Amino acid sequence: MTGVTTTDLEAMPTPDLQGEARRRRPALWPGWGAARRVPLLVIGVAIIATIVLMGLLAPWITPYPEDAGAAVHPAKALLPPSSLHWFGTDIVGRDVFTRVVFGARVSLGIVLLVLVVAAVVGLTVGLAAGFSGGWLDAVFMRITDVFLAFPALLLAVALAVFLSPSAMHAALIIAFTWWPWYARLSRGQAASIRSQGYSDAARVLGASRTRQIARHVLPNASTPVFVQMSLDAAGIILMAATLSYLGLGAQDPIPEWGLMVAQGQPLATTAWWVITFPGLAILFTAIAFNFIGDGLQSLFDPKRGAR
Amino acid sequence: MARYIALRTLQSLGVVVGVIVLTFVVARLIPGDPAVSYAGPRATMDQLEAVRQQFGLDQSMWQQFVSYVSGVVRGDWGTSLHTKQSVISDLMRVIPPTLVLVAIALGVAALIGMPLGIFAARSNGRLGDLAAKMIAILLVSLPVFWLAILLQIVFFSKLGWFPVAGQYDSALNASSPLYGVIGVPVVDALLTGNLPVFTDSLRHLVLPVIAIAAYPAGAFAMVTRASLLENLGDEHVRMIRALGFSELSVFGRFALKPALNPVIALIALVFAYSLTNSFIVESVFNWPGLGSYAIKSIQTLDIPAILGVTLVVALLYVGLNLIVDLVQALIDPRIRT
């Protein structure tokens, strides 16, 4: 034990779980004072919370819940916005407001699925590569190089063409194009953590590889990945909407925002409301996610943020 | 430096090989028999066999891969199903208009985004900063297909200020005929001094350029701001300030130049993003470039054309990344290690 200094020992995990939780809190929750410094973060979280809530409560807060499906009301086709139909009606007479609110479920569901799949795959590959180094590292990183050589949307479009179009497939395809970014990010983190004193100490003390990764590498490598995920959410919303707009994502009668814009496009000059409101929904959601990402970034990386 | 160039170029070549392998794998993932989709549903067994022999589909996977790679290298990228022309000649025709469109859009984006980012960094933490940040976030949050349709409705259908279809009004050919140089009217007209066609083609560019430039403008603003702030906090800038240099020279000479590196690095990324955005913008504005070609190929399930587009965009992107890295290494010697 002579080679281990006191600072190394201090950095070691202690069995005192409460103490550890208390000490770790600043990393994940910087407190209300910090939140006041980044108003955009608070606004972004509030908007997303509202959208999530509206999506969850959609069947109870929308005036015509049956319009979220394949309902057809020819007599009510293309009515402009009014007190009965706040956002007007689409070409088959469905209430656009109802469909926009239900659309939150589809879009946020896709974002959640993409982020979880891409982050899990990316973190796994990145940590494995960064932690083990050597040939495994080289092979994994060359594979991510090839994926990153394609603009994400292009790769997604090329893949979507070969699968039957659906919201689920669109989400999996986006995740497939997105994981290399997380692999890159967490690989760099893992490699730098591995060379830190506390990592050496754990290794010297005979901690198993699993324990080293679970207790040291993962907690310390995941903060940048979380920040990146919040920054990426907006991009995923836009990409999913674009795939649907191209007919490569969700299909009618699913109320997906990008698809609704595509369906309204031929009549956009006369029935502006059919494309305007779903588009605004995409825009607001993307803006809110960007607020969150920007706020988190300036909290965790003060050098790059407002200060 | 020579060592860095050699290493970086080798690495790019490796990525190109990977890209070719990945496109081959994707092409083989297609469900169903490619011979059937080419020959049509009513083809006889003999015809199918002929198609298989023609495209080498009766060979082993390995032989197919070898002939695919040698085809890609020799410039034989197959025949498009919807234009019935060779994919490579189609691509040669549609790439120049798209590159011109994207290049102009990126130039406009840099002219708007970088001053916006400099302004935000100048008024760091104050109201102007917040306003600039909001504008930048709005720009990167706009769904491009929606923006393109809105521009079309407002500025063409309602106001009638700008034309929306194609690259120029071909009726002008009667009075001032256009001679092709590189196949892009706005450049050809400029090179041959054809003023009427040049101004008309500029008017045709306005709306698609706005639609494509929105995202990169916001991205340029954000990165310029962040990078400048980082540099303004650096030792050397504080030193210059302490020595009593004017605010203008602190900013212009000592903070801005090193801050440009991340902005240059961003060019490759926004180029790729804009290129794929041009797919949608071109199809909305009927711009006869790579994007319209790609959308048409997707709609007609034209596999050779889709793979050709994928391959050429990836190659362009790898090439641009290489150039950007080398330029960065020239500017900043720290990167060359």
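**Close-up views of a predicted two-chain model**

**View 1. Thr83(B) in its loop.** Thr83(B) counts as partly exposed because 18 other C-beta atoms lie within 10 Å, a number that falls short of the 20 or more required of a buried residue but is above the 12 or fewer of an exposed one. The model shown in this and every following view is predicted. Thr83(B) belongs to the loop between helix 4 (61–74) and helix 5 (87–122) of chain B. Although 213 residues separate Thr83(B) from Lys296(B) along the chain, their C-alpha atoms are 9.9 Å apart in the model.

**View 2. The two domains of chain B.** The domain assignment splits chain B into domain 1, made up of residues 1–82 + 300–337, and domain 2, which spans residues 99–289. Between the C-alpha centres of domain 1 and domain 2 of chain B the distance is 31 Å. Where the two domains of chain B touch, nine residues of domain 1 are in contact with eight residues of domain 2, and the side contributed by domain 1 of chain B consists of six nonpolar, two polar and one charged residues. For orientation, chain B as a whole contains 13 helices and zero strands, and its C-alpha atoms fill a box of roughly 85 × 55 × 35 Å along the principal axes. Of the 337 residues in chain B, 37% are buried, and among the contacts in chain B with a separation of 6 or more, 70% are between residues 24 or more positions apart.

**View 3. Helix 12 against helix 13 in chain B.** Helix 12 (residues 290–299) and helix 13 (residues 303–331) of chain B pack with their axes 8 Å apart and at an angle of about 140°, and the crossing of helix 12 of chain B with helix 13 of chain B is left-handed. From helix 12 of chain B the contact takes Leu290(B), Tyr293(B), Ala294(B), Ser297(B) and Ile298(B), while helix 13 of chain B supplies Ala305(B), Ile306(B) and Val309(B). By class, the contact of these two helices of chain B comprises seven nonpolar residues, one polar residue and no charged residue.

**View 4. Backbone details around helices 10 to 12 of chain B.** Helix 10 (residues 235–242) of chain B is hardly covered, since zero of its eight residues are buried. Just after helix 10 of chain B comes Gly244(B), which takes a positive phi of about 90°. Most residues other than glycine have a negative phi. Asn286(B), which is not a glycine, nevertheless has a positive phi of about 55°, and this residue lies in the loop between helix 11 and helix 12 of chain B. With 13 other C-beta atoms within 10 Å, Asn286(B) is partly exposed.

**View 5. The contact between chain B and chain A.** In the predicted model, 38 residues from chain B and 36 residues from chain A take part in the contact. On the side of chain B that touches chain A, the elements giving two or more residues are helix 1 (2–28), helix 6 (127–141), helix 7 (144–158), helix 9 (195–232), helix 11 (247–285) and helix 13 of chain B. The residues on that side of chain B fall into 27 nonpolar, nine polar and two charged.

**View 6. Helix 4 against helix 13 in chain A.** Chain A has 13 helices and zero strands, and 47% of its 307 residues count as buried. The axes of helix 4 (residues 39–56) and helix 13 (residues 272–300) of chain A come within 7 Å and cross at roughly 140°, which means that helix 4 of chain A is oblique to helix 13 of chain A. The crossing of helix 4 of chain A with helix 13 of chain A is left-handed. Among the residues that meet are Leu40(A), Ile43(A), Ile47(A) and Ile51(A) in helix 4 of chain A, and Phe284(A), Ala288(A), Phe291(A) and Gly295(A) in helix 13 of chain A. The contact of helix 4 with helix 13 of chain A divides into 13 nonpolar, three polar and one charged residues.

**View 7. Two loops of chain A.** Most peptide bonds are trans. Asp252(A) and Pro253(A), however, are joined by a cis peptide bond with an omega of about 10°, and Pro253(A) sits in the loop between helix 11 (209–245) and helix 12 (257–264) of chain A. In the loop between helix 5 (58–61) and helix 6 (96–132) of chain A lies Leu78(A), which has a positive phi of about 55° although it is not a glycine. Leu78(A) is partly exposed, with 16 other C-beta atoms within 10 Å.

Key. Residues numbered from 1 in each chain as written. Chains lettered and ligands numbered in written order. Predicted model: local features only at pLDDT ≥ 70, side-chain atom pairs only at ≥ 80, totals over all residues. Axes fitted to C-alpha atoms, helices over the stretch in contact; angles between N-to-C directions. Helix = DSSP H or I, 4+ residues; strand = E, 2+ residues; numbered from the N terminus. Parallel < 35°, antiparallel > 145°, perpendicular 65-115°, else oblique. Left-handed = near helix turned anticlockwise from the far one by under 90°. Contact = placed C-beta atoms within 7 Å. Nonpolar A, V, L, I, M, F, W, Y, C, P; charged D, E, K, R; others polar. Domains from an automatic or database assignment.
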